[in-house]
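Open the model in your viewer and keep the sequence panel at hand. The tour below moves from one selection to the next.

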Amino acid sequence: MTGDTYELTSARATVGRERSVADVVLRDPNVSRRHAELTFTGSDWSIEDLNSTNGTMVNNRRITRCPLRNGDVLTFGLSTFEFRG
């Protein structure tokens with residue numbers, strides 16, 4: 001894990017490599033320009049892979065869409081984060 005912290009302030013956030021299209025920008029060549037999207041429904045968070053080249057992992061499992069729980073480990077390319085929601 002990188003030690004970086006990202007606080008999401010809206011109900012939807014895109015994770016990616018390109019600053020013009022992503023809310024959370026990762027400097028990782030293995031991360032797609034628009035890699036994944038985190039969504040808050042008012043009570044729960046979920047994550048969806050946006051057809052990224054290298055996929056999105058939750059707890060070391062490749063996902064297309066997945067609900068998130070506190071403590072889940074998210075991997076985008078070579079970047080790994082712990083979800084706290």
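What follows is a walk through the sheets, the core, a buried serine and the aromatic pairs.

**Before you start**

This is a predicted model, in which local features need pLDDT of at least 70, side-chain atom pairs count only at pLDDT 80 or more, and totals for chains, interfaces and linings use all residues. Residues are numbered from 1 along each chain as its sequence is written, and side-chain values use heavy atoms, with hydrogens and water left out.

**Stop 1: the five-stranded sheet**

Switch to cartoon. Strands and helices here are DSSP runs numbered from the N terminus (strands, E, at least two residues; helices, H or I, at least four). Strands pair if DSSP finds at least two bridges between them.

Find the open sheet of 5 strands, ordered E2-E1-E3-E4-E7 with mixed pairing. Its edges are strand E2 (24-25) and E7, each with a single partner strand, so one side of each has no neighbour in the sheet.

Select 12-16, strand E1, and 36-40, strand E3. E1 and E3 run antiparallel, joined by 4 bridges. Arg 12 stands opposite Thr 39 in E3.

Move on to E4, residues 45-49. E3 and E4 run antiparallel, with 5 bridges between them. Glu 37 has Glu 48 in E4 as its bridge partner. The two strands form a hairpin with 4 residues between them, and Gly 42 in the turn has a positive phi of about 110°.

Now add E7, residues 65-68. E4 and E7 pair in the antiparallel sense over 4 bridges. On this side, Glu 48 has Arg 65 in E7 as its bridge partner.

Is E4 enclosed or open to its surroundings? Of its 5 residues, 4 are buried, so E4 is largely enclosed by the rest of the structure. Buried means under 20% relative accessible area, exposed over 50%, and partly exposed in between (1.4 Å probe, protein chains only).

**Stop 2: the four-stranded sheet**

Go to the open sheet of 4 strands, in the order E6-E5-E8-E9, where the pairing is antiparallel. Strand E6 (61-63) and E9 are the edges; each has a single partner strand, so one side of each is left without a neighbour in the sheet. The twist averages 30° from one strand to the next. Axes for such angles are lines fitted to C-alpha atoms (for helices over the stretch in contact), and angles run from 0 to 180 degrees between N-to-C directions.

Select E5, residues 56-58. E5 and E6 run antiparallel and are joined by 3 bridges. Thr 56 stands opposite Ile 63 in E6.

**Stop 3: the nonpolar core**

Show side chains for Leu 26, Leu 38, Ile 47, Val 58, Leu 68, Leu 74 and Phe 76. These have the most contacts inside the largest nonpolar core, which has 16 residues. Such a core is a set of buried Ala, Val, Leu, Ile, Met, Phe, Trp, Tyr and Cys residues joined through side-chain atoms within 4.5 Å. E3, E4, E7 and strand E8 (73-76) each give two or more residues to this core.

Centre on Val 58. Leaving aside neighbours within four places in sequence, Val 58 is in contact (heavy atoms within 4.5 Å) with Ile 47, Ile 63, Cys 66, Leu 68, Asp 72, Val 73 and Leu 74.

**Stop 4: a buried serine**

Pick Ser 52, in the loop between E4 and E5. Ser 52 is buried, with a relative accessible area of 8%. Which side chain does the side chain of Ser 52 meet in a polar contact? The partner is the side chain of His 35, at 3.3 Å. A polar contact is a pair of N or O atoms within 3.5 Å; within protein, one must be able to donate a hydrogen and the other to accept it, and residues adjacent in sequence count only if both atoms are side-chain atoms. Beyond neighbours within four places in sequence, Ser 52 is in contact with Ser 32, His 35 and Arg 62.

**Stop 5: the aromatic pairs**

Finish with the rings. The structure holds 4 aromatic pairs. Rings of Phe, Tyr and Trp (its six-membered ring) pair if their centres lie within 6.5 Å; planes under 30 degrees apart are stacked, over 60 edge-to-face, and the rest tilted.

Select Tyr 6 and Phe 81. Their ring centres are 5.7 Å apart and their planes at 75°, so the pair is edge-to-face. Tyr 6 sits in the segment before E1 and Phe 81 in strand E9 (residues 79-82), 75 residues apart. Tyr 6 is partly exposed at 36% relative accessibility, whereas Phe 81 is buried at 12%. Add Phe 76: Tyr 6, Phe 76 and Phe 81 form one aromatic cluster.

Last, select Trp 45 and Phe 83. This pair is also edge-to-face, at 6.2 Å centre to centre with 70° between the planes. Trp 45 lies in E4 and Phe 83 in the segment after E9, so the pair ties together parts 38 residues apart in sequence. Trp 45 is buried at 15% relative accessibility, and Phe 83 is buried at 9%.
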